[in-house]
Amino acid sequence: MKSKYLNHLINCSNKKRINRIIAYCVSMVLSFSVVFLSLPLNSAGSADNKNKTGMLHKFYSINKIDDLYVAYSENESLNPGYGSAVETNEDEHLPSSWAIEEISQATEYGLIKPELLKYFRSNITREEFCGIVVRLYEILSGKKAEEYNPSPFLDTQDSDVLKAFKLGIVKGTGNNKFSPHNTITRQEICVIILRTIKAVSPELDTYVSSFVSKDGGKLSFTDAYLISDWALEGVSFLSSIDIMKGVGSNKINPLGTTTREQAIVIGKRTLEFFLNILKGLKNNTGNDTSSNETNDNNANNKEDPADKDDPSNTNNSNDSSINDYLKDNNGSGNENGSNNEGKKSVETKTLSISVGNNVIFMGEAEEKVLNKLGEPSRKDLSKYGFEWYIYNKDYNEYIQVGISNGKVVGLYSNATKFKFHDEKSGKSFDASNTKKQIVDCYGEPLKYIQKDNVIFISNEGMNINLYLIDNNYVSFYFDSFNNDKISSVLVIDKETEENLMDFYIKPTPELIESYERQMLDLVNASRVKFGKKPIEWDEVAVKTARKHSKDMADRHFFDHINPDGKDPFERMKDDGINFRAAGENIAAGYAWAIDAHEALMNSSGHRKNILGEYDKFGAGVYFGGDFEIYATTIFFTPWKSDM
């Protein structure tokens, strides 16, 4: 399904005339998502799928921000050209129906990197496939692969490529090159997987020989003559154990390319097949020795990895012992994921956020919060079910305090004067600190959160790092337009986060109003931070925004211009809003205001609306439609007579 997204630039003159410059461009946020912003992958481009082990996986979500009407003509530089339309094919992001369950299982095993969980139907590259086989080796052997140093290749320094080369799994393509971005053939995949299995354990060599025909004598495919001599053993091996199947008409198609989803499935089937074999070998022989010696192969040899699978043939040989084996050899079985041992949160008051002179601790009693901050301006329902206590009397010290059962279970601030404190590490961070400083302190962020049998993949589309710190999930949001400095910090109690088993909760009037009201507060806190005055809530604009959000959901479109041809300014005028300057932002798929606002602030045009010279604001949210949640925000400055 192809879709077009429009970016409109507008200048509103003081003479009540609208001079429009219209340009077209793509403006979407496509996210590997954490629970915080995701949507089920149905017609909107996402999928919920339950496999035979009961594991439910959310592969990724599509959260959209369509570039808006902005009152700044310099935004023209963002556009590819006037009158040009850029089309995207969203279907490429989705896994095929036959692959969904096996990709889910591969994700559970930690076999694939999150960056591969998109563009499933595009061809996998040599470099990308190295990531799969290196992890395959590490899971099966229980050992960490090491890089070959220095790199023998002139065209890549990729860590997985260098690890695979040192293990003897891959070679070069000639002239000291690896050709990392070239596609990989089916016969190459067979060869690489065979080498990977042999690298895991010398004992496997004997086992593999019983399946393998070095000259392809056991191959009955009608196109077996196309298989290169160096690949005969590998193709014979994978076809003999039913991992590499034919493509129909008794053909193996050895020279065909392989998509990401096909490569993931092949890797997953190989892992499952040999986990049981290795478990038996481990019990009989004790510790395995790995052929993890330096590879002296010349990088000029032209042999390597890859393959394509028959989508009609799926081999789900799941075994209950697999997860046990993963735990025995790799701890939780998660690579840079989250370890969910112990569901109960421990009341450690080591994390806090301060605004001004007041420090609020996670786990602190509600009474103490009220003694420090006073009564909140209002109480908002959160997507977790707890109440956000909103303190917005001074946007320089804006803070949201989540209260459940009389204690603090959540904290958030994007204010000018906020600080995040970690007493255990002795560190404090504020808006002057950068992403690099956070990584230096806490390391690489989590790639996903596992909640019982559900894996929520961390969002790559937003500028955010997620960590599990002292039984609390901490999200650091960064400002892409301010040298990746911290824009805000969110802290959610571990038990509270892990009890939320879906992206969205059932909408209620209270939840919708909370979303809308927080959009104003977050906008104003950002405006004050950047030296702008706060803007005021306008009920008429709220109604206009709500109608557009509902219209987008009901009529299945995502645009500033509705199917009737009306743009935001015509819709505003229809509702009696007279303005001399106006702008509109729209977003979809964001489960709460915090993520929606942070995403908008990291988009140039939307940011300009948020920080623009406006006086009034309205937000309208609607739950439903293809993207689950639609949010429209309207900014405007009335004519003097209307103020």
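Two residues are in contact when heavy atoms of one lie within 4.5 Å of heavy atoms of the other. With that idea in hand, welcome to this predicted model. Its protein chain has 643 residues, of which 58% count as buried. The chain contains 16 helices and 25 strands. If we take the contacts with a separation of 6 or more, 73% of them join residues 24 or more positions apart.

**I124, a good place to start**

- You can find I124 in the loop between α1 and α2.
- Is I124 buried or exposed? Its relative accessible area is 0%, so I124 is buried.
- Leaving aside residues up to four places away in sequence, I124 touches F129, I132, N182, T183, I184, T258, T259, R260 and A263.
- One of these partners, R260, is 136 residues from I124 along the chain, yet the C-alpha atoms of the two are separated by 4.8 Å.

**The nonpolar cores**

- Here is a useful background idea: in soluble globular proteins, nonpolar side chains tend to be buried together.
- The largest nonpolar core in this model has 63 residues. Within this core, F129 and I132 are the residues with the most contacts.
- Several helices each supply at least two residues of the core: α1 (100-109), α2 (126-141), α3 (159-166), α4 (186-200), α5 (202-209), α6 (232-240) and α7 (260-285).
- A second core, separate from this one, has 51 residues and includes A591, I594, F623 and F635.
- What does I132 touch, not counting residues up to four places away in sequence? Its partners are L111, I112, L116, I124, A263, I264 and G267.

**Helices α2 and α3**

- The axes of α2 and α3 are 8 Å apart, and the two helices pack at an angle of about 55°.
- An angle that is neither roughly parallel, roughly antiparallel nor roughly perpendicular counts as oblique, and α2 and α3 are therefore oblique to each other.
- The crossing in which α2 passes α3 is left-handed.
- On the α2 side, E127, C130, G131, V134 and E138 take part, and they meet D160, V161, K163 and A164 in α3.
- Sorted by class, the residues of this contact are 4 nonpolar, 1 polar and 4 charged.

**Helices α4 and α6**

- With their axes 8 Å apart, α4 and α6 pack at an angle of about 80°.
- Angles from 65 to 115 degrees count as roughly perpendicular, and α4 and α6 are therefore roughly perpendicular to each other.
- From α4, the residues Q187, C190, V191, I193, L194, I197 and K198 meet E233, G234, V235, F237 and L238 of α6.
- The contact of α4 with α6 has 8 nonpolar, 2 polar and 2 charged residues.

**Helices α12 and α15**

- Further along the chain, helix α12 covers residues 509-529 and helix α15 covers residues 593-601.
- How do the axes of α12 and α15 cross? They come within 9 Å and cross at roughly 40°.
- These two helices are therefore oblique to each other, and α12 passes α15 in a right-handed crossing.
- Y515, Q518, M519, L522, V523 and S526 are the α12 residues of the contact, meeting A593, I594, A596, H597, L600 and M601 of α15.
- By class, this contact has 9 nonpolar and 3 polar residues, with no charged ones.
- I594 appears in the contact between α12 and α15, and I594 is also included in the second core.

**Backbone details to look for**

- Most residues other than glycine have a negative phi, and most peptide bonds are trans. Keep that in mind for the next points.
- The peptide bond from N149 to P150 is cis, with omega near 0°. P150 lies in the loop between α2 and α3.
- N253 is not a glycine, but its phi is positive, at about 50°. This residue sits in the loop between α6 and α7.
- Is N253 buried or partly exposed? Its relative accessibility is 27%, so N253 counts as partly exposed.
- D484, also a residue other than glycine, has a positive phi near 55°. Look for D484 in the loop between β20 (472-479) and β21 (485-493).
- With a relative accessible area of 27%, D484 is partly exposed.

Technical notes:
Residues are numbered from 1 along each chain as its sequence is written. This is a predicted model: local features need pLDDT of at least 70, side-chain atom pairs count only at pLDDT 80 or more; totals for chains, interfaces and linings use all residues. Side-chain values use heavy atoms; hydrogens and water are left out. A nonpolar core is a set of buried Ala, Val, Leu, Ile, Met, Phe, Trp, Tyr and Cys residues joined through side-chain atoms within 4.5 Å. Buried means under 20% relative accessible area, exposed over 50%, partly exposed in between (1.4 Å probe, protein chains only). Helices (H or I, at least four residues) and strands (E, at least two) are DSSP runs, numbered from the N terminus. Axes are lines fitted to C-alpha atoms, for helices over the stretch in contact, and angles run from 0 to 180 degrees between N-to-C directions. Angles under 35 degrees count as roughly parallel, over 145 as roughly antiparallel, 65 to 115 as roughly perpendicular and the rest as oblique. A crossing is left-handed if the near helix is turned anticlockwise from the far one by less than a right angle, and right-handed if clockwise. Ala, Val, Leu, Ile, Met, Phe, Trp, Tyr, Cys and Pro count as nonpolar, Asp, Glu, Lys and Arg as charged, and the others, Gly among them, as polar.
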